[in-house]
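Biologist: I would like to learn how to read metal sites and helix packing from a set of coordinates. Could we work through one example together, slowly?

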Amino acid sequence: MQKPTIKRITLKNLTAFLMALSLATLVILTVNFRSISVRIMEDKALAISEVIKAGLTSHMRAEIMENREYFLAEINALTLVNNVAIIRSKEVIEQFGEGHWREKEHDHVTEQAFTSGQPVFILNDIEIEPYLRAIVPFIASTSEQLNCLKCHEVKEGTVLGAVDLRLDLTEYRNTTAKLLAAIGLVTFTFIFLIVVNNFRTIQRYVQDPLNKLIRRGEDAYYTHTPIDADEFECLEFENVAKEINLFTEDVIHRQAVIEKKNLELEAMSDEIENTLQETIFTMGVIEEQRSKETNNHTLRVTKYSQLLGHLYGLTERELELLAMAAPLHDIGKLGIPDAILLKPGKLTKKEYEIMKNHCLIGYNMLSHSSRDVLQSAAIIAFQHHERWDGTGYPQGLVGDDIHIFGRIVTLADVFDALAAKRVYKEKWAASKILAYIEEEQGGQFDPKLVELLIKNINEFLAIKHRY
Ligand SMILES: [Fe+2]
Ligand SMILES: [Fe+2]
């Protein structure tokens with residue numbers, strides 16, 4: 001999964017934080033606004049009940065109590081005011097009788113106000129038509145300007161009655177809702193603007209310069225040109241660009257040193273390889289000289305072997321090993337006494353047996369080394385007198401059991417021996433050589449190699465003429 005970008009993480013966290021903050025603010029505002037509104041409405045209810053009390057007292061003192069219904073109807077018609085009713089205490093009923101329809105009966109809420117002598121408020125703001133019901137008791141008093149006991153035959157402190165009214169909260173609630181909606185809208189607009197602003201800031205001052213820095217860093221590394229630190233608006237990126245330049249410069253310098261060392265090592269390695277190759281070849285030539293072999297036999301056998309290996313499909317490395325190892329195929333002859341090695345005539349059976357030992361002698365000379373060149377040379381020295389049909393020596397290996405290097409050098413060695421003049425024979429014509437080799441296809445020689453040689457005989461003859 002792709003990892004989130006700095007921009008995405010920042011904006012996600014910022015948005016979550018701002019949303020939580022504004023929701024908390026909205027909740028606090030709503031709760032406080034509600035309690036303030038309720039308090040205002042309660043004060044309003046108390047004020048209206050005070051007005052009613054004053055109005056009723058005035059009617060009483062002016063002895064026009066029979067007209068109080070007009071007054072109460074006017075109060076009832078005030079905005080927000082609903083269901084104004086007066087409840088008489090039993091003392092007032094006893095003194096003045098039952099009231100009219102606005103002077104209603106007790107319920108358990110009005111009882112509570114009468115018992116406690118304190119206003120009772122009931123808030124219902126979750127219904128479709130929200131309201132606040134207030135029951136405000138009137139207490140008989142002599143301390144105020146209106147001495148109640150002048151008219152009422154009660155003791156001071158008696159609850160004379162109560163105003164029971166309802167205030168309609170619909171408008172208050174609507175206003176509150178509108179206000180909160182407006183606050184919410186403004187808040188979310190700000191959140192949106194903050195997020196957008198942050199988005200642009202991060203994009204411009206973090207994301208873009210970071211991407212640019214990555215691209216410029218790659219360019220600096222591959223093209224070896226420093227980053228232009230002035231391209232960046234912020235100090236931090238400018239500093240990073242400068243650091244990258246220092247780092248790249250150092251890396252490039254080290255790379256150059258390593259490359260130089262590598263070239264030196266390669267040259268040294270080539271030198272060693274060439275020296276080894278020449279040494280091996282010289283060893284082959286020493287043996288060639290001592291055996292009084294035809295001139296350049298070692299070189300030609302090497303060239304024929306290389307050509308056969310190439311035609312056979314050996315790898316580059318195998319061809320290299322073959323070319324380096326082939327000159328040593330007869331190195332074991334260094335261990336054969338001169339009397340046998342240089343004998344002009346035919347060898348006796350015993351002498352021939354001693355002569356055959358050159359394979360094992362060569363193998364013993366070379367096989368102690370762990371280097372693959374000498375290992376290959378040991379195999380060739382050991383196997384270059386084996387025959388495909390299994391009648392060769394020293395092991396009598398058959399077919400593919402003979403290493404491909406051994407099979408190749410066998411054919412190359414014989415081909416050169418036949419094509420050159422020896423003490424015991426004249427050099428053969430190409431047709432005679434081919435006839436012999438074909439006759440030995442599957443006998444002395446690997447049939448596939450014979451096939452390749454016959455098919456490409458001109459290339460082999462070209463080597464013979466050249467060397
Ligand atoms: Fe040999
Ligand atoms: Fe040879």
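Biologist: Which spacing do the donors of the iron ion (ligand 1) follow along the chain?

Modeller: Bear in mind that this is a predicted model. Along the chain, the donors of the iron ion (ligand 1) follow the spacing D-x27-H-x25-H-H. Asp-330 lies in the loop between H8 and H9, whereas His-358 belongs to helix H11 (residues 358-366), so this pair ties together parts of the chain that are 28 residues apart in sequence.

Biologist: Which atoms coordinate the iron ion (ligand 1), and at what distances?

Modeller: The coordinating atoms are an OD atom of Asp-330 and the NE2 atoms of His-358, His-384 and His-385, at 2.0 to 2.3 Å. As for the burial of two of these residues, Asp-330 counts as buried at 3% relative accessibility, and His-358 counts as buried at 2%.

Biologist: How should I read the angles at such a site?

Modeller: The general reference is that four tetrahedral donors ideally subtend 109.5 degrees at a metal. Here the angles among the four donor atoms of the iron ion (ligand 1) run from 83 to 167°, and the site is irregular.

Biologist: How far apart are the iron ion (ligand 1) and the iron ion (ligand 2), and which residue coordinates both?

Modeller: The two iron ions are 5.0 Å apart, and the residue that coordinates both is Asp-330. Around the iron ion (ligand 2), the donors are NE2 of His-297, NE2 of His-329, and OD atoms of Asp-330 and Asp-413, at 2.3 to 2.6 Å. Because its four donor atoms subtend angles of 76 to 143°, this arrangement is irregular as well.

Biologist: What is the sequence spacing of the donor residues of the iron ion (ligand 2)?

Modeller: The pattern is H-x31-H-D-x82-D. Within it, His-329, in the loop between helix H8 (316-325) and helix H9 (338-341), and Asp-413, in helix H13 (residues 404-419), are 84 residues apart, and the pair links distant parts of the chain. His-329 is buried, with a relative accessible area of 1%, and Asp-413 counts as buried at 11% relative accessibility.

Biologist: How do I describe the packing of two helices?

Modeller: In general, two packed helices are described by the angle between their axes and the distance between the axes. For H8 and H13, the axes come within 11 Å and cross at roughly 50°, which makes H8 oblique to H13. The crossing in which H8 passes H13 is right-handed.

Biologist: Which residues in H8 and H13 meet?

Modeller: From H8, Glu-318, Leu-321 and Leu-322 meet Phe-405, Ile-408 and Val-409 in H13.

Definitions and conventions: Residues are numbered from 1 along each chain as its sequence is written. Chains are lettered from A and ligands numbered from 1 in the order in which they are written. This is a predicted model: local features need pLDDT of at least 70, side-chain atom pairs count only at pLDDT 80 or more; totals for chains, interfaces and linings use all residues. Side-chain values use heavy atoms; hydrogens and water are left out. Donors are N, O and S atoms within 2.8 Å of the metal (3.2 Å for Na, K and Ca); water is not among the atoms, so sites may look incomplete. Four donors count as tetrahedral if all angles lie between 85 and 135 degrees; four count as square planar and six as octahedral if opposite donors are over 155 degrees apart and all others between 65 and 115; anything else is irregular. Helices (H or I, at least four residues) and strands (E, at least two) are DSSP runs, numbered from the N terminus. Buried means under 20% relative accessible area, exposed over 50%, partly exposed in between (1.4 Å probe, protein chains only). Axes are lines fitted to C-alpha atoms, for helices over the stretch in contact, and angles run from 0 to 180 degrees between N-to-C directions. Angles under 35 degrees count as roughly parallel, over 145 as roughly antiparallel, 65 to 115 as roughly perpendicular and the rest as oblique. A crossing is left-handed if the near helix is turned anticlockwise from the far one by less than a right angle, and right-handed if clockwise. Contact means heavy atoms within 4.5 Å.
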